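Student: Could you take me closely through one part of this structure, beginning with a single residue and working outward to what surrounds it? I would like a connected account rather than a list.

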Amino acid sequence: MSPVHIASEFDPAADFILWQGDCLDLLAHIPDGFVQLVVTSPPYNLGKAYERRLDLDTYLDQQRRVIEESVRVLDEHGSICWQVGNYVRNGEIIPLDIVLFPIFTSLGLHLRNRIVWHFGHGLHASKRFSGRYEVILWFTKSDQYVFNLDAVRVPQKYPRKKHFKGPKRGQLSGNPLGKNPGDVWEIPNVKANHVEKTIHPCQFPVELIERLVLALTNEGDWVLDPFIGVGTTAIAALMHGRRAIGAEIMPEYVAVARERIRLAEEGKLRIRPMERPVYDPNNRGYVPPKVVTLGGPKQPLLIKDPLSSNSSGA
Ligand SMILES: C[S@@+](CC[C@H](N)C(=O)[O-])C[C@H]1O[C@@H](n2cnc3c(N)ncnc32)[C@H](O)[C@@H]1O
């Protein structure tokens, strides 16, 4: 595959613009309406190595400035997905999607889904139930927006179920391309034994962003991640023929992002495939780790029937 053109400054001829520095400085260079999708996981104000813990109002003011700029650079038919968990203060949780929601609506955005990302592992709480989900707020800028449902359908629970009476008797009752994935997504988070794990303490899994990229953009579109970390959003975008733009303040994460792209160019970057079931005690339909191919011809989505050896392209 041809090498990925990575630019470190704003350059619309690049495949990937990777800005080392504050996202507001990058955003200032991006023209209005330039990107089709903004998808990010911002700092949660938890005092991680890359953030200074702020009082909640100051944090929300900072987020507002990034969100305002993200909306400015978003195409009229585009989407913005903000993936967040909880801010914790004196043992009390403040769900960030709840406190960020008014910022988005005050900017005229329309909420399409509040997606619950559920995962099986995390910190064990002793004074409350252990947290096992985070949220993605998906907003659009207008009522006319890209939504490629067929690109992200998942296997039907009973793929061979047929109508048993009426004019469609004997025909498949479900969509043979698969079903709508719904708004609760069961996807493992990136912990120590995950194939994608890097030095970053809270990277998101490629498959989480792949689904958003495939559903909410078309080939050639720009995908922006203002807090790009180790480049997960760029990997999801580039492997499906989109272009990526993002900022990261920590030089060591920028270096890892570049290295991941280099490995992908060499066909050596392994990711957990979207098609792999989360828990499969019989190992039926096992899907091994996948090697990333960037920007190549699109693979048909494999809809696997877990009960048979047949599978069909969709
Ligand atoms: C939750 S992490 C995102 C991780 C990313 N989703 C990934 O998979 O690698 C948030 C990232 O934002 C970066 N960051 C914090 N403030 C920033 C700013 N003002 N501009 C750009 N990046 C920033 C942090 O260093 C951190 O890597």
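**From one loop residue to the sheet and its helices**

Tutor: Tyr-145 counts as partly exposed because it has 18 C-beta neighbours inside 10 Å, whereas 20 or more would make a residue buried and 12 or fewer would make it exposed. The model is a predicted one, and Tyr-145 sits in its loop between strand 8 and strand 9 (184-186). Setting aside residues up to four places away in sequence, Tyr-145 touches His-77, Ser-79 and Thr-140. Asp-75 is 70 residues away from Tyr-145 along the chain, yet the C-alpha atoms of the two are separated by 9.5 Å. Contacts across the chain as a whole can be put beside this: of those with a separation of 6 or more, 65% link residues 24 or more positions apart.

The strand before this loop, strand 8 (133-140), is mostly covered, with seven of its eight residues buried. Strand 8 pairs with strand 4 (74-84) in the antiparallel sense over six bridges, and with strand 7 (residues 110-118), again antiparallel, over eight bridges. Leu-137 of strand 8 takes part in both pairings, standing opposite Trp-82 and opposite Arg-114. Strand 7 in turn pairs with strand 9 in the parallel sense over three bridges, and there Trp-117 stands opposite Trp-185. These pairings belong to an open sheet of nine strands, whose order is 1-2-11-10-3-4-8-7-9 and whose pairing is mixed. Its edges are strand 1 (6-7) and strand 9, each of which pairs on one side only.

Helix 3 (residues 96-106) can now be placed on this framework, since its buried residues are Leu-96, Leu-100 and Phe-104. They lie on the same side of helix 3 because the arc they cover around the axis is only 55 degrees. The general background is that an α-helix has 3.6 residues a turn, so residues three or four places apart point the same way. The cover over the buried residues of helix 3 includes helix 2 (56-72), strand 4, strand 5 (86-89), strand 6 (92-95) and strand 8. On the face turned away from the buried side, helix 3 carries the exposed residues Ile-98, Pro-102, Thr-105 and Ser-106. Helix 3 lies across strand 4, strand 7 and strand 8, and it runs at about 10 degrees to strand 8. Just after helix 3, Gly-108 adopts a positive phi of about 85 degrees.

Two of the strands that help to cover helix 3, strand 5 and strand 6, run antiparallel and are joined by four bridges. Arg-89 has Glu-92 in strand 6 as its bridge partner, and the hairpin has two residues between its strands. Asn-90 belongs to the loop of this hairpin, and its phi is near 50 degrees, a positive value in a residue other than glycine. Most residues other than glycine have a negative phi. Asn-90 is exposed because 4 other C-beta atoms lie within 10 Å of its own.

Returning to strand 4 leads to the interior. Leaving aside its neighbours within four places in sequence, Cys-81 is in contact with Val-38, Val-39, Ile-136, Leu-137, Trp-138 and Leu-212. Cys-81 is also one of the residues with the most contacts inside the largest nonpolar core, a set of 64 residues, together with Val-35, Val-213, Val-223 and Ala-234. The largest share of this core, seven residues, is supplied by helix 4 (residues 206-216). Helix 4 lies across strand 3 (35-40), strand 4, strand 7 and strand 10 (222-225), and it runs at about 160 degrees to strand 3. In soluble globular proteins, nonpolar side chains tend to be buried together.

For the setting of this part, the protein has six helices and 15 strands, and 34% of its 314 residues count as buried. As for confidence, the average pLDDT is 88, with 89% of the residues scoring at least 70. Residues 297-314 stand apart in this respect, having pLDDT below 50, although this stretch has 31 contacts in the model beyond near neighbours in sequence. Where pLDDT is low, the predicted coordinates should not be read in detail.

Note on methods: Residues numbered from 1 in each chain as written. Predicted model: local features only at pLDDT ≥ 70, side-chain atom pairs only at ≥ 80, totals over all residues. pLDDT = per-residue confidence, 0-100. Contact = placed C-beta atoms within 7 Å. Arc of directions from axis to C-beta. Core = buried A, V, L, I, M, F, W, Y, C linked by C-beta atoms within 7 Å. Pairing = 2+ DSSP bridges. Axes fitted to C-alpha atoms, helices over the stretch in contact; angles between N-to-C directions.
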